[in-house]
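Biologist: I would like to take a close look at one part of this model, going strand by strand and ring by ring, and to hear how that part fits with what surrounds it.

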Amino acid sequence: MHTNELREKYLSFFQSKGCVRKPSDVLVPRWDPSVLFTPAGMNQFKDHFLGRVKLEFTRATTCQKCLRTGDIDNVGRTAYHHTFFEMLGNFSFGDYFKREAIHWAWEFLTDKKWLGIDPAKLSATVYKEDSEAAKIWLDEIKLPPNRLQYLDEDENFWPASAPSQGPDGVCGPCSEIYHETPVGPVEIWNLVFTQFNRVGEPPNNLRPLPSKNIDTGMGLERCAAVLQGVDTNYHIDILRPLVETAGDVLGVSYLPKDDDPKNADNARRLRRIADHIRACAFAVHENVYPGNKEEKYVIRRLLRRAVLDGRQIRDGRQQTADGSTPFLHLLVPKVAELMRVPYPELSETVERVQKVIQTEEEHFLSTLDSGIERIEKIFEAAGSRLPTAEDADLSAGQTAVRRPPSAVCISGADIFDMYQTFGFPPELFETLAAERGYRFDWAGFKREMEHHGEVSGSAEKNLLFKNDPLESVKKQYKRTEFCGYNNDVVAIDEAEVLAIVVDGKLVDSVSEGQTAQLIINETVFYGEKGGQVGDIGVFISEEYDYDEDDECIGEHETQKFVVEKTQIDGDLIVHIGHIELGTISVGDVVEARRDCPHHQAVSRAHTATHLLHYVLRNELGGHAEQQGSKVDADVLRFDFTHHQAIDKDTLRKIENDVNKLVLQYIPGDVQEMPIEEARKTGAMMLFGEKYPETVRVVRFGDSVELCGGTHLHNTCEIGFFKIISEESVSAGTRRITAYTGRKAAEYAIDNAYILAACAQTLKVSPEHIVTKIEDLQAQVKKLQKELKTADGRRQSAVHPDELIKSAQQINGIQFIAAELKDIDVTAARELLDHIRSKEAGVAVLLALAADGKVTLLGGLSKDLVGRYSAVDLIRRVTPVIGGKGGGGRPDFAQSGGTDASKIAEALNEAKGYF
């Protein structure tokens, strides 16, 4: 059965059981700070499992793209380990439970309509205390008792060993299904029954959940390997062609069964290359580029591991001419081809993904030779530290025992130097060290990183479920209603305080002077997300003032909470600030007013960001995709894909084109629609972003994007757009910073005044300022050169004519030898050249001493060149002053030494040359 067929059959089967088919979540869930990459199919349903959101469905099925690096050292070595893989899953949120999960799994595996696996080849395991699951397997499925194993919590509980070791939180027993193969049983499916909440230490610490859930996971590649009758995941139909293509690119054959150790090593490296390029191609497709922090660091590490594998394969062929040629990017089209059925969007970004990967390859390859040479020196030094029998301090009768290489540890300083200077990920360095048997000083490396202010983020996060004071609020109220797209105020009779958090704890009230987080039922305050900063403003309550006749004469504030920033936590909008007046309690009603000028300034920057993105793609090409943005009050920062600096003329055109759109008074059109309908509009959708079923499509003329942020009614409200800078953020990513509205106008006015002042000072019109400055710079450079020459000559206490008069006659040659005081090398050189050009038949040797160093300058007039050489003259006398060698031309040479006390001896030694 083809892998694509298996994937579709699984999803169709569970759809037939009432499960909603959901698409794979993104590989890098930026919405979830607890993980760097999506580790499992259940990750996108965490809030469903925990009751934090309103359930629109209670059954689901997915095929999820996953990436894990916990077992990275086993990738390519074992039959089943990967970094990137697909996980088939079916889920229940308080709906079906163990009986259905087990029955449906058995039906899908054994029914001829689906997979049709021989039941005799299947076995199962259960948690040793889960009699309910065991009874279903034995009494209902009729699994023979000898094919059911009862295992402890370290094997059949999720999280592993949770009852005794924690952590506290949602957990439950699991049941695993195995398929018998020629090499033994292989796990193909894990059924997790999340039915408990762990609270504290055992015993009696597993509290039944009011709503029991199902979370199952079947490794797509592993199940495909079983169905296709191959002994490793790397030989299934969507992976083996990639492994073989890697071999073709590197000029070797993939020979997994070969007894030759060299071919076995190559096969292992090719499998690892195939795995890593799949992971990196999907990640870069989602705009996660190689870098030094968190998920970007992981991608850099995978890429560089694969590059090193390719280099080692090429070195083994003893064809080093292509050893520094990038190759990994050539595999990207094959990845897109093999994965085009489930992920057709990969083909849309092949060129961009290739360029990013090639750039990273080139950067690493540029330092790889020197890096490997440095590592070999480190290993050589480590090897020299291994004790020998002669080193041992032995008592009579003792036998010397040489310690193994593992007794020697590669220092943290060496590890850090390789990382910072040569770009060697420490995990990659550790792999090479392990091959030689050396240990690794991770603690020392961490200290070096902290000392230098570096953080790699190489470790995976492991915070699948977090506990904070707002969790109970999410479970009770689910979400805060946002009504701020068309309103600036929530009236006092509509905004109720639902929760207050002070110092990380839920409280009933907060008083004047205290800082707090407030959650209300509905708000006009936009919470920071998507690069847009949150709103600021106030919550207030007021009372009316009456005169003696009960006539209203005014009003006064009784409560005031100043909102300093607004953030998002799940579906809650959290208002952070301080109490300026009175006391606010849970249940109070307030009037929520956002700061309108601030909000308008942020909206100006956000709408301008959309226009800039549109113009960049028109001017630079479709590859100029957003990589990140920050939208603040009249300030925007926009990161985008581009592999070179933008020249000033192009940048000016981009700025002008944005301002043309601003002045065209283009109305904004915002519509909510299903995601599939939005795709048909041609709206700009960013790969790697998580979009809901219903999305907001924001249109300003031909600029159409999916966006949840706040915007203007028309482009003219932006006022003015001014680019402040364009710079590199990282390889392949550029950044434009710009101002809008009042800030842009103030910047332009300030610069106009500065320009006018410069023009007045320089006594030219503004358009001639640059030319005038260039002329002045040329004059300064000329004067500095003349001054340096004059200073050098003034430093010399010896006139050229005086030196000529001091010449000695040796075999018809005028030989001038002198030690000069208070003169630099440049001035001495000019003095020597002056004498050579003025006199014929002259040879000059000058010595200068400064700061414990000696410089010798030797020169010959043109008529002596051929008979003698200034280089030979210098090399004859240099050893006298403690130097070595010397170099130059036949008519001029120079050398250095360290012994100034021997200058006179050196000058005298020179006479013997002629």
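Which residue in β32 is the bridge partner of Gln814?

Modeller: The bridge partner of Gln814 in β32 is Val842. Before I build outwards from that pair, please keep in mind that this is a predicted model, in which local features need a pLDDT of at least 70 and side-chain atom pairs count only at pLDDT 80 or more, while totals for chains, interfaces and linings use all residues. Residues are numbered from 1 along each chain as its sequence is written, and side-chain values use heavy atoms, with hydrogens and water left out.

Gln814 belongs to strand β31, which covers residues 813–820, and β32 covers residues 842–850; strands here are DSSP runs of E with at least two residues, helices are runs of H or I with at least four, and both are numbered from the N terminus. Two strands are said to pair if DSSP finds at least two bridges between them. β31 and β32 run parallel and are joined by seven bridges, and besides the link from Gln814 to Val842 there is one in which Leu820 stands opposite Leu848 of β32. Between these two strands the chain passes through helix α22 (residues 825–838), and the resulting β-α-β crossover is right-handed, a term that applies if, with the strands pointing away from the viewer, the path from the first strand over the helix to the second runs clockwise.

Gln814 also has a partner in another direction, since within β31 it is the residue that bridges to Gln809. The strand involved there is β30 (residues 808–810), which pairs with β31 in the antiparallel sense over three bridges. The two form a hairpin with two residues between them, and in its turn Asn811 adopts a positive phi of about 50°.

Leu848 continues the picture beyond β32, because its bridge partner in β33 is Thr855. β33 spans 853–860, and β32 and β33 pair in the antiparallel sense over eight bridges. They too form a hairpin with two residues between them, where Asp851 in the turn has a positive phi of about 55°.

As for how enclosed these strands are, a residue is called buried under 20% relative accessible area, exposed over 50% and partly exposed in between, with a 1.4 Å probe and protein chains only. Six of the eight residues of β31 are buried, so that strand is largely enclosed by the rest of the structure. Seven of the nine residues of β32 are buried as well, so β32 is likewise largely enclosed.

Aromatic rings come next. Rings of Phe, Tyr and Trp (its six-membered ring) pair if their centres lie within 6.5 Å, and planes under 30 degrees apart count as stacked, over 60 as edge-to-face and the rest as tilted. A search of the whole structure finds 34 aromatic pairs. In one of them, the ring centres of Phe13 and Phe14 are 4.9 Å apart and the planes stand at 90°, so this pair is edge-to-face. Phe13 is buried, with a relative accessible area of 1%, and Phe14 is buried with a relative accessible area of 1% too. Returning towards β33, the rings of Tyr868 and Phe914 have centres 5.2 Å apart and planes at 65°, so they also form an edge-to-face pair. Tyr868 sits in the loop between β33 and α23 (870–877), whereas Phe914 sits in the segment after α24 (903–910), so the pair ties together parts that are 46 residues apart in sequence. Tyr868 and Phe914 are both buried.

The pair of Phe13 and Phe14 is part of something wider, for ring pairs link Tyr10, Phe13, Phe14, Phe108, Trp114 and Trp189 into a cluster.

Finally, there are charges over rings, which requires NZ of Lys or CZ of Arg to be within 6 Å of the ring centre and within 35 degrees of the ring normal. Arg829 lies over the face of Phe892, at 3.7 Å from the ring centre. Elsewhere in the chain, Arg696 lies over the face of Tyr485, at 3.6 Å from the ring centre.
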